[in-house]
Amino acid sequence: MSKFTFNNISYTCSENETVLDVLLAHEVAVPSSCRSGLCQTCMMQAVKGTPPGAAQKGLKDTLKAQNYFLACCCHPDEDLELALPDTQTARVRATVSNIEKLSSDIVGVSLQCEQPLDYKSGQFINLFGENSLARSYSLASVPAKDQHLTLHVRKVPDGRMSSWIHHELSSGDSVEISLPVGDCFYTPGNAAQPLLLIGTGSGLAPLYGIARDAIAQGHTGPIRLYHGSTNVDGLYLDKTLRQLTRQHENFSYMPCVSDEPVEQQDIASGHVLDVALQEHAKLAGWRVFLCGNPNMVKAAKKKTFLMGAAMKDIHADAFLPSA
Ligand SMILES: Cc1cc2nc3c(=O)[nH]c(=O)nc-3n(C[C@H](O)[C@H](O)[C@H](O)COP(=O)(O)OP(=O)(O)OC[C@H]3O[C@@H](n4cnc5c(N)ncnc54)[C@H](O)[C@@H]3O)c2cc1C
Ligand code: FES
């Protein structure tokens with residue numbers, strides 16, 4: 001049993017509870033989304049006391065040094081005094097410069113930040129809404145090529161943030177986003193290494209960014225992108241990616257449809273992971289990027305590792321739903 005104070009109120013945390021569990025149980029408005037240490041929306045700071053190391057996993061060293069931690073992973077082992085991060089340092093204001101329909105349930109959102117944002121294609125930002133609502137969205141844009149940040153947002157039935165983005169957000173609106181988070185991005189240094197990118201649904205967003213970023217950084221090895229959807233309508237960047245294939249001989253794209261019959265010869269029928277792994281039976285020496293549906297990402301991590309990809313070469317972002 002430990003204690004912490006937040007906004008001058010003292011709370012007790014039992015062994016099985018996290019700081020976030022306790023605050024939410026007391027209806028304290030703190031942002032949170034994945035509740036599994038991935039999205040970093042629940043970041044808080046210990047202004048007195050030291051947070052446990054396990055609650056700082058994945059944070060930058062500069063944040064760790066200032067006693068920032070993730071409330072959803074924090075089982076305090078000493079008494080702490082807590083604060084929310086100063087919004088001026090942890091958030092960036094941006095204006096919606098464009099919203100366009102990409103498919104029946106995916107929109108592309110372009111954002112112009114008030115100050116330049118240092119990011120890598122494939123990382124994600126947290127978008128903040130009202131009442132501490134926060135959700136993560138991956139960056140499809142490429143810093144060296146695109147003026148604005150681009151997100152691809154799928155509408156989740158009854159989803160609070162995605163419905164708001166689809167139905168209420170419009171060009172000219174001002175929003176708040178976090179600094180970029182995550183390590184699912186291309187790093188230069190091994191330009192000839194083959195790259196395998198597998199994504200489902202709007203999991204194409206980070207992969208589209210990563211593939212174009214690799215090309216922009218002079219990657220010479222093969223870049224094989226597989227995009228899975230339940231239906232043909234969900235292949236929302238089909239034309240753009242076919243054009244990219246024509247422009248770069250080391251880039252290829254394979255659309256896959258799992259839940260309806262397809263007539264086109266150039267669309268694979270079946271689950272994206274099965275299609276991709278049938279065509280790449282040996283993955284020793286490959287760098288792998290996996291994004292989208294959490295079940296697909298989990299299975300793909302295991303299978304690509306068993307097929308020879310080194311753990312250090314497997315990069316993944318599972319689009320975990322909010323808890
Ligand atoms: C690292 C990361 C990156 C992400 N990047 C993207 C991205 O680029 N594009 C994108 O569209 N989304 C992305 N997501 C998912 C996104 O953060 C939200 O979870 C999603 O938009 C739903 O939020 P919501 O507020 O609309 O739904 P909520 O109000 O949170 O949920 C409504 C209901 O739908 C369920 N639900 C929520 N999400 C899903 C889902 N994905 N599948 C099935 N059921 C669900 C919830 O459990 C709940 O029952 C990402 C998630 C993570 C963790
Ligand atoms: S990291 Fe804590 S809610 Fe996502």
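## Cysteines

In this predicted model, the count of disulfides comes to zero. A disulfide is a covalent bond between the sulfur atoms of two cysteines. Cys256 is in no disulfide, and its nearest cysteine sulfur, that of Cys291, is 15 Å away. Cys256 is also buried, with a relative accessible area of 0%.

Cys291 is likewise in no disulfide. The nearest cysteine sulfur to that of Cys291 belongs to Cys184, at 3.9 Å. Because a disulfide is counted here for sulfur atoms within 2.5 Å, the distance of 3.9 Å leaves Cys291 without one. Cys291 counts as buried, at 0% relative accessibility.

## Surroundings of ligand 1

The shell around ligand 1 holds 21 residues, and the closest are Arg135, Ser136, Tyr137, Ser162 and Ser322. By class, ten residues of this shell are nonpolar, seven are polar and four are charged.

How close does a polar side-chain atom of Tyr137 lie to an oxygen atom of ligand 1? The distance is 2.7 Å. Two further polar contacts with ligand 1 come from backbone atoms: a backbone N or O atom of His152 lies 2.8 Å from a nitrogen atom of ligand 1, and a backbone N or O atom of Met161 lies 2.8 Å from an oxygen atom of ligand 1. Taken alone, ligand 1 exposes 930 Å², of which the protein buries 80%.

Three elements give two or more residues to the shell around ligand 1: strand S9 (134–138), strand S10 (149–154) and helix H4 (160–167). The largest share, four residues, comes from S9.

## Thr41 in its loop

Thr41 lies in the loop between helix H1 (19–25) and strand S3 (43–48). Is Thr41 buried or exposed? Thr41 has a relative accessible area of 6%, and it counts as buried because that value is under the 20% cut-off.

The side chain of Thr41 reaches the backbone nitrogen of Ser33 at 3.1 Å. Ser33 is also one of the residues in contact with Thr41 when neighbours within four places in sequence are left aside. The others in that list are Pro31, Ser32, Asn126 and Ala134.

## Helix H7 and its packing

Helix H7 covers residues 272–279, and Val272, Leu273, Val275, Ala276 and Leu277 in this helix are buried. An α-helix has 3.6 residues a turn, so residues three or four places apart point the same way.

Which elements do the buried residues of H7 pack against? They pack against four strands and a helix: strand S12 (195–200), strand S13 (223–229), strand S14 (251–257), strand S15 (268–269) and helix H8 (294–306).

## Residues with positive phi

Most residues other than glycine have a negative phi. Glu27 is not a glycine, yet has a positive phi of about 55 degrees. Glu27 is found in the loop between H1 and S3, the loop that also holds Thr41. Whereas Thr41 is buried, Glu27 is exposed, with a relative accessible area of 76%.

Asp158, a residue other than glycine, also has a positive phi, near 60 degrees. Asp158 is found in the loop between S10 and H4, and both of these elements give two or more residues to the shell around ligand 1. Asp158 itself counts as exposed, at 76% relative accessibility.

Terms used
Residues numbered from 1 in each chain as written. Chains lettered and ligands numbered in written order. Predicted model: local features only at pLDDT ≥ 70, side-chain atom pairs only at ≥ 80, totals over all residues. Heavy atoms only, no water. Near = heavy atom within 4 Å. Polar contact = N/O pair within 3.5 Å; in protein donor to acceptor, adjacent residues only side chain to side chain. Areas by Shrake-Rupley, 256 points an atom, 1.4 Å probe, with all protein chains shown as cover. Nonpolar A, V, L, I, M, F, W, Y, C, P; charged D, E, K, R; others polar. Buried < 20%, exposed > 50% of the residue type's maximum accessible area, 1.4 Å probe, protein only. Contact = heavy atoms within 4.5 Å.
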